[in-house]
Amino acid sequence: MIIKGVSIERAGGKGVCIGHSSDGRTLLVKGAAPGDIVDVKIIRKKKKHFECIIENIVSPSINRVDPLCEHAELCGGCSWQHIKYEAQAEFKGQEVKDNLTRIGNMSGGDFKGIIHAPEAYRYRNKLEFSFSSNRWLSPKEISSGEEITSREALGYHAPGMWDKIMDINTCHLQPEPSNAIRLFIKSYAQKNGLSFYHPRKREGLLRTMMLRSTLKGDWMVVIQFFESPEDKGIELLRALANEFSEISSIYFAHNTKGNDSIYDLDLHLFCGKSSLTEYMPSALNKGKDLSFQIGPKSFYQTNPVQANRLYSEVLKLADIQKEDIVYDLYTGTGTIALFMAQVANKVVGIESVPEAIKAAKQNAINNNISNTTFLVGDMRNVFDENLWLAHGTPDILVTDPPRDGMHPKVVKRLNELRIPRIVYVSCNSATQARDLDTLNEVYKVDTIQPIDMFPQTHHVENILVLSLRDR
Ligand SMILES: C[S@@+](CC[C@H](N)C(=O)[O-])C[C@H]1O[C@@H](n2cnc3c(N)ncnc32)[C@H](O)[C@@H]1O
């Protein structure tokens, strides 16, 4: 069914935009921009809303632009490319405000304008691609009636499909030589008869590839083979090393598992260094930058320029004094903790992944930082009074949980603990708002600082600073 002349009012959650039908029904419209007037086709009817796609743009929004990427229409990766970058950032800031007000019952607080990303493209330091011998065909290609000659692909999963890979020519998310490396590998494989993986038939040599880079321009390539890489696979790795002087580390794995996850695989270093080194400016604005070792399995924020901005903002807003005991919940590999340790008395970082804590401890040693304690544990079990009896009560607490937000038990303990200042970093303002609704009982909101880490997508990071209502 088609609904004509729908005005797109605003950007909603998960990147879809919102309009209404003449009878008041909420319409979630994929691919729209606030300010558009569009005819839409309903593709799914839900109780509270209808999901729609655009049938025809009657009048485009002033915020519409032509996407830079040739794959924008089909690739699910950068779903806001058709919206001007400045407007994307404003919509994200607005979403944070709406969520905190509507779900989090926020009142007051200094809402700062969103910090824009300096680079709207080529900002990522890590991309993962899959090979396929059964390339996903677009609806246009299928209906064209033209003969399909090549079915090999090296690219991204088609949105929502585990077994369908879209071939990618140019992706604008990572700096060069990202595209050059991927296209070299694909063309070498085709010329030399290396087979591409078929996920349903479970056959083929080349399975996935990951590219990691640093701000200084060092590159790591990790290739997963489904079949044994002997001879042909190894020759490919040799050719790759010879072709690109920027690549300083090549790994490979033989993966016959049912999934592509790298974390439980044995990785073999084919040539070069075992890890890349990323640098983060010193928190004290003097002295040496902090350095972080990034191996093929390490976690590091994928937009390193904005990660540095994020950490600097956290530090500024945390206002740490040199006698302060600081806790960093969900510390990952300890990047925020190590940044803050340069100005605090001591920092306690807690995280559930043992490998991440091992890396955090190593990062502390590499940077000659001795006032940090890193502990492994599930937050809802370890964040209790035994912890603060052992390590001191926090003067300042930073928390950066995963998308689901904090466990209710952790939020409750934050209320019981009555910490003078909490800096809550979140990549999901809806769950942050849910947690705020409980924290409101004890804390008030001082500052809200959204920051855009992922241009061209609807994702947004937010820093919320809380202090005790009554001291
Ligand atoms: C958003 S990341 C934070 C990363 C880190 N602050 C940084 O900037 O690099 C969230 C972290 O929480 C960890 N995590 C997830 N659930 C957890 C839990 N229940 N207890 C402790 N840590 C958890 C994840 O492993 C991940 O490292």
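What follows walks through a predicted model, going from its strands and core to its ligand shell and a few odd spots in the backbone.

A good place to start is the barrel. Five strands close up on themselves in the order β1-β2-β3-β5-β4, and their pairing is mixed. From one strand to the next, the twist averages 50°. Two of these strands, β4 (residues 37–45) and β5 (residues 49–59), run antiparallel and are joined by 8 bridges. To pick out one rung of that ladder, K45 has F50 of β5 as its bridge partner.

Then there is a sheet that stays open. It has 8 strands, lined up as β6-β21-β22-β20-β19-β16-β17-β18, again with mixed pairing. At the edges sit β6 (110–111) and β18, each of which pairs on one side only. Within the sheet, β16 (residues 325–329) and β19 (residues 396–399) pair in the parallel sense, with 4 bridges between them. Here V326 is matched with I396 in β19. As a reminder, strands of a sheet pair through backbone hydrogen bonds, and they can do so in parallel or antiparallel fashion.

A helix also lies against part of this sheet. Helix α1 (residues 85–102) goes across β6, β21 (443–451) and β22 (461–468), and it runs at about 160° to β21. Strand β21 is home to V445. This valine counts as buried because 21 C-beta neighbours fall inside 10 Å, and the cut-off is 20 or more. Leaving aside residues up to four places away in sequence, V445 touches M106, G108, G109, L464 and L466. L236 is another story: V445 and L236 are 209 residues apart along the chain, and their C-alpha atoms are separated by 55 Å.

Next comes the greasy part. The largest nonpolar core has 121 residues, and those with the most contacts inside it are V29, V221, V314, A318, F339, M340 and V423. Helix α5 (residues 304–318) supplies the largest share of this core, 7 residues. What does M340 touch, not counting residues up to four places away in sequence? The list is L315, A318, I320, V326, D328 and V347. One of these contacts, V326, is the residue that bridges to I396 in β19.

The model also holds a ligand, with 16 residues around it. Of these, Y330, G332, S352, M379 and D400 come nearest. Sorted by character, the shell has 8 nonpolar, 5 polar and 3 charged residues.

Finally, some loops have backbone quirks. Between β9 (165–167) and α3 (178–191) there is a loop that contains P177. The peptide bond joining E176 and P177 is cis, with omega at about 15°.

Two other residues have a positive phi without being glycine. For N368, phi is near 55°, and this asparagine belongs to the loop between α7 (354–366) and β18 (372–376). Is N368 buried or exposed? N368 counts as exposed, because just 7 C-beta neighbours lie inside 10 Å and the limit for that label is 12 or fewer. For R418, phi is near 50°, and its loop runs between α10 (408–417) and β20 (421–426). R418 has 13 other C-beta atoms within 10 Å, so this arginine is partly exposed.

Definitions and conventions:
Residues numbered from 1 in each chain as written. Predicted model: local features only at pLDDT ≥ 70, side-chain atom pairs only at ≥ 80, totals over all residues. Near = placed C-beta within 6 Å. Nonpolar A, V, L, I, M, F, W, Y, C, P; charged D, E, K, R; others polar. Core = buried A, V, L, I, M, F, W, Y, C linked by C-beta atoms within 7 Å. Contact = placed C-beta atoms within 7 Å. Pairing = 2+ DSSP bridges. Axes fitted to C-alpha atoms, helices over the stretch in contact; angles between N-to-C directions.
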